[in-house]
Amino acid sequence: SNPIQPTYDKLMGNKTSKNLIIVANSTDTFYGADGNYSIDPFINSSSSEGPTDDGRVKPDIAGMGTGLISSYFITEDANTNDNYARSTGTSMSAPNVAGTLILLQELHYNTHNSFLKNYELKNLIIHTAYDPSTTSTGPDPIYGWGVLNAESSAKMIIDKNSGEIIFDQLIL
C-alpha cells in the first residue's frame with residue numbers, strides 16, 4: 001500500500017468499506033471515584049489506522065481489545081474444559097463492540113418497540129463516543145470518532161423521545 005501519510009493509512013481491503021463499523025483496539029478506560037475518566041485509553045500499536053485513501057475517517061470506533069480474558073481452545077481432550085487466556089487484538093475489540101451494539105439494540109427495542117436501522121446505530125455510537133484527551137478534538141485516523149461509550153449511547157436511546165434527538169430523518 002502507498003500511504004497518503006507516513007505511519008498512518010494502514011487499512012486495506014474490506015477495512016475501508018463505507019457501511020461496515022471498523023473497530024480499533026484500545027486499552028481499557030479507567031474511572032476515578034467521581035465517575036469521570038481518570039486514565040485515558042490508548043490504541044494498541046498492532047491496531048490498524050486510517051484514514052482511507054479518499055480521506056474518510058477509519059476506524060469508526062475504538063473498543064477495548066487489549067488484555068481481555070476470553071475462552072481459549074487448547075486441546076481436543078473431552079476431559080479438559082474451562083480454558084481461558086488473555087488475548088489482545090481487534091479480534092477481541094470487534095466482538096466486544098458487537099456485543100455492546102446488540103445490547104443497545106435490545107435496549108432500543110425494549111424502550112421504543114423497534115430496532116435501530118444500521119445507519120442509526122452507527123451514528124449513535126460515533127456521536128456518543130468518548131474522545132480521549134490525548135488526541136485532537138474530533139475524529140482522527142487512530143481512534144476514529146473515539147472510544148465506544150455504552151453508557152452515553154444508552155442514555156441517548158432512553159432520551160430519544162425528548163424532541164431534541166433525531167434518529168430517522170436523513171438530511172441531504
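## Helix 1 and its surroundings

In helix 1, the buried residues (under 20% relative accessible area with a 1.4 Å probe, protein chains only) are Met-92, Ser-93, Val-97, Thr-100, Leu-101, Leu-104, Gln-105, His-108 and His-112. This is a predicted model, where local features need pLDDT of at least 70, side-chain atom pairs count only at pLDDT 80 or more, and totals for chains, interfaces and linings use all residues. Residues are numbered from 1 along each chain as its sequence is written, and side-chain values use heavy atoms, with hydrogens and water left out.

**The helix**
- Helix 1 covers residues 90-112, and its 23 residues reach 32 Å from first C-alpha to last.
- That is close to the expected 33 Å, a span found as 1.5 Å times one less than the number of residues.
- An α-helix has 3.6 residues a turn, so residues three or four places apart point the same way.
- Cover for the buried residues of helix 1 includes strands 1, 4, 5 and 6 as well as helices 2 and 3.
- Asn-113 follows helix 1 and has a positive phi, near 60°.

**The whole chain**
- You can find three helices and six strands in the protein chain, counted as DSSP runs (helices H or I, at least four residues; strands E, at least two).
- From the N terminus, their order is β-β-β-β-β-β-α-α-α.
- Of the 172 residues in the protein chain, 37% are buried.
- Among contacts (heavy atoms within 4.5 Å) between residues at least 6 apart in sequence, 63% join residues at least 24 apart.

Note on methods. Buried < 20%, exposed > 50% of the residue type's maximum accessible area, 1.4 Å probe, protein only.
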